[in-house]
Amino acid sequence: MTDIVLTSTLPVERRRSLLGDLHEIAVDELWKYRELLYQLILRDVRIRYKQAVMGFAWAILMPALIVAAGTLVRFAMAYVGGGHVARDAIAGMAVKALPWAFFVGAIGFATTSLTGNLPLVSKIYFPREVLPLSATFAQSFDSTIGAVTVGIALPLLGVHYGLTALWAPVLAVLIFCTTAGAALFLGCANLFFRDVKYIVQVLLTFGIFFTPVFFEPRMFGPLGARAMMLNPLAPLLEGLRLSVVEGHNLLAPLVLATPKGDVIVWSPWYLAYGAAWAILGLIASVLVFHRTEGKFAEYV
Amino acid sequence: MTGTPRIEFDQVWKKFARGELHDSLRDLVPAAVRRLAGRGRARDELSGEEFWAVRDVSFEVRPGEALGILGPNGAGKSTILKLLTRILVPTRGRCAITGRAGALIEVSAGFHPDLTGRENVFLQGAILGMKRREITRRFDEIVAFAEIDAFIDTPVKRYSNGMNARLGFAIAAHISPDVLVIDEVLSVGDMRFQQKAFDRIQEMCTSGIPVVLVSHQLERIASLCTHAVLLERGRVARRGTPTECIEAYLESSRNGDSTANHTSALSFDALTIESALPVRSGERALFRLTGTVGDEATDAASRDCTLRVRALSTGRLIFSAAASACGAVLPARGPFEMDVELQFNVAPGVYSLELAVWDAESQREVVTGPGVTLQVEAGALTFSGTSHLLPRVRVASTQSTAAGASR
């Protein structure tokens, strides 16, 4: 067995560097405790399907409800605007509902993952990162089932998969990173401030109106479209819809001329913006989490 | 690795805050404003609500050594264990453990009620840092130790408390750690299982790995540890052999008791053991008590004292008798010397002799003056239990020849 050295020292004595910390988290903690991460994911998945009426249908229920609600909204919009709802629009919503459901589910579980495992956090040492991370991974298990279902259903809605659909895995990884970053940050924040979970609940409930799930940013005109894309999840969700449903290559810009001016539907910079949030956000969250970890047992 | 310390605790300080920390964002905003206004503090200083739970504590444990930590509640024992197992980070100083730390602390903390025993073994094992292969290899051993073979595929929520605790202990006791940290977990399951758990701990302690043991059961510390540390309000008050520390601990707790305001006509100066040590089970030991009878001692009751012997493993009083009932009459006034001879028909262990006087004000007996601690070792009397009842057993055969033939 390899020697593990558990050392705790006063933070100011230990030289803290960004790379040093990241190395410590990745190698000394997560890699050494990968078994625990696996067991916790297994636990989270198991308890979700144990004594449950829905079984695996549960994984599809949430995205299905989002699509149903979105379809209703779109019908209302079409009635007022005098248009009709295209099958494309429903396919687009299905593609975006899935990652949104993933985000909501993962954040919901991860926010309370530390406070919900109180006896563990205050009694036994292990890298606490595994708790919000396992909640996120467990949710991706559900989402994978959902993704397979959506993948089968899309051709029925008239979608032809092209080469651009290969963007989907890239975007899925970025969505995962964004979610994991938020999960770590919020889990840690909720440990210190117990009202965080209520704030998160409210944000998740209304977030769907500030994230392009039911609609597309171009519907808000030239300025509104850009404003909507500021949401870190927006470029990732829109990118998913454009590449999978509309067969658009994300490296090419897409501009729509309207009477009110040109609407930027897509720009490669959007991708860069979304990716930056995903990666830098995750790194920042991991560091914040890691540096406050020593205080967890005192604050819970 | 022999010789180099595996557990190091180097001038460790730990600060805690009394009362509520910021629990909601609403509290944070005013606090942040205050900090910005320049009323921040250096981290070593204490503010009104803060206190040192551990102050300048240092120790080392090498392979083959077992350190016992004792002290009254709130002395910082649990904080030290949490610092050792890295649950808490020291405010100042350094603590380090080389190798995998096995902790027998709250052993079923990671159980999920909806998962079966089998699933929980793997989960809890992983929490304690075991690899899946390792758990698979020792799985049968763990289940057999916990004695729950028949229920291993039952969700843990249907387990009794005892089964829960037994399984938790069994997992923690099978992690083959490089360093062992034990909090009081010996009160697991029924008496038979407690003995089994204790045997297992003893086995782990004597296997040569360094051990830190925190217990209120002084007997455990006396029998398992090679040396000990006595903590008082976060400081090391005494370090030495377990017996020395246990003695110092009892001394200080007795002093704490006698500060309870009472007026006594009697004062005791010294209580000493006059016999050769160690005392063996079944042997007599002689004690000498010196003291003074004061002027206020007007009636016979105020000139009497009670001799008490306590088993330190349990803290239970095993003997208590008034000196007058033993035929001892103290002089009406002035200094005196009293010889007490007791026959220790008790099981090997650590015992203390203490004195109590009747306090008229509170209408109860109050422990006062000095006490002595002595170790009783195995001797001529071989028995187990708490006291030897001087048995006389006779046997006569009741088998008649006819009955023998009919078989």
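The legends below describe close-up views of a predicted model, taking helix packing in chain A before the helices and sheets of chain B.

**View 1. Helices α3 and α4 of chain A pack against each other in the predicted model.**
Helix α3 (residues 57-81) of chain A and helix α4 (residues 87-111) of chain A have their axes 8 Å apart and meet at an angle of about 135°, which makes α3(A) oblique to α4(A). Their crossing is right-handed. From α3(A), the residues that take part are A:M62, A:P63, A:I66, A:V67, A:G70, A:T71 and A:R74, and they meet A:A89, A:I90, A:M93, A:A94, A:A97, A:L98, A:W100, A:A101 and A:G105 in α4(A). Sorted by class, this contact of α3(A) with α4(A) comprises 12 nonpolar, three polar and one charged residues.

**View 2. Helices α10 and α11 of chain A cross in a left-handed manner.**
The axes of helix α10 (residues 234-244) of chain A and helix α11 (residues 268-292) of chain A come within 8 Å and cross at roughly 130°; the two helices, α10(A) and α11(A), are therefore oblique to each other. On the α10(A) side the contact involves A:P235, A:L236 and A:G239, which meet A:Y270, A:L271, A:Y273 and A:G274 in α11(A). The contact of α10(A) with α11(A) has five nonpolar and two polar residues, and no charged residues.

**View 3. Helix α3 of chain B is largely enclosed by the rest of the structure, because 10 of its 11 residues are buried.**
The buried residues of α3(B) are B:G117, B:E119, B:N120, B:V121, B:F122, B:L123, B:Q124, B:G125, B:A126 and B:I127. The cover over these residues draws on both chains, and includes α2 (34-49) and α5 (118-123) of chain A together with α4 and α5 (161-172) of chain B. After α3(B) comes B:G129, which has a positive phi near 95°.

**View 4. Helices α3 and α4 of chain B pack with their axes 10 Å apart.**
Helix α3 (residues 117-127) of chain B and helix α4 (residues 132-146) of chain B make an angle of about 125°, and α3(B) and α4(B) are therefore oblique to each other. The crossing of these two helices, α3(B) and α4(B), is right-handed. Residues B:V121, B:F122 and B:G125 of α3(B) make the contact with B:R132, B:I135, B:F139 and B:I142 of α4(B). Five nonpolar residues, one polar residue and one charged residue make up the contact of α3(B) with α4(B).

**View 5. An open sheet of six strands in chain B has mixed pairing.**
The strands of this sheet follow the order β5-β6-β7-β3-β8-β9 (chain B), and its edge strands, each of which pairs on one side only, are β5 (101-104) and β9 (235-240) of chain B. Neighbouring strands of the sheet are turned against each other by 20° on average, direction ignored. Towards the β9(B) edge, strand β8 (residues 227-232) of chain B runs antiparallel to β9(B) and is joined to it by five bridges, and B:V229 has B:R239 in β9(B) as its bridge partner. The hairpin of β8(B) and β9(B) has two residues between the strands, and in it B:R233 takes a positive phi near 45°.

**View 6. B:D183 lies in the loop between β6 (179-182) and α6 (191-205) of chain B.**
Just ahead of this loop, β6(B) pairs with strand β7 (residues 211-214) of chain B in the parallel sense over three bridges, and B:I182 stands opposite B:L213 in β7(B). The C-alpha atoms of B:D183 and B:L213 are separated by 6.2 Å, although the two residues are 30 residues apart along the chain. Because B:D183 has 21 C-beta neighbours inside 10 Å, where 20 or more are required, this loop residue counts as buried.

**View 7. A second view of sheet structure in chain B shows an open sheet of five strands with mixed pairing.**
The strand order here is β11-β17-β16-β13-β14 (chain B), with β11 (279-280) and β14 (316-322) of chain B as the edge strands, each pairing on one side only. Within this sheet, strand β16 (residues 349-359) of chain B and strand β17 (residues 364-377) of chain B run antiparallel and are joined by 10 bridges. One of the pairs places B:G349 with its bridge partner B:V376 in β17(B).

How values were computed: Residues are numbered from 1 along each chain as its sequence is written. Chains are lettered from A and ligands numbered from 1 in the order in which they are written. This is a predicted model: local features need pLDDT of at least 70, side-chain atom pairs count only at pLDDT 80 or more; totals for chains, interfaces and linings use all residues. Helices (H or I, at least four residues) and strands (E, at least two) are DSSP runs, numbered from the N terminus. A residue is buried if 20 or more other C-beta atoms lie within 10 Å of its own, exposed if 12 or fewer, and partly exposed in between; C-beta atoms are placed from the backbone. Axes are lines fitted to C-alpha atoms, for helices over the stretch in contact, and angles run from 0 to 180 degrees between N-to-C directions. Angles under 35 degrees count as roughly parallel, over 145 as roughly antiparallel, 65 to 115 as roughly perpendicular and the rest as oblique. A crossing is left-handed if the near helix is turned anticlockwise from the far one by less than a right angle, and right-handed if clockwise. Two residues are in contact if their C-beta atoms, placed from the backbone, lie within 7 Å. Ala, Val, Leu, Ile, Met, Phe, Trp, Tyr, Cys and Pro count as nonpolar, Asp, Glu, Lys and Arg as charged, and the others, Gly among them, as polar. Two strands pair if DSSP finds at least two bridges between them.
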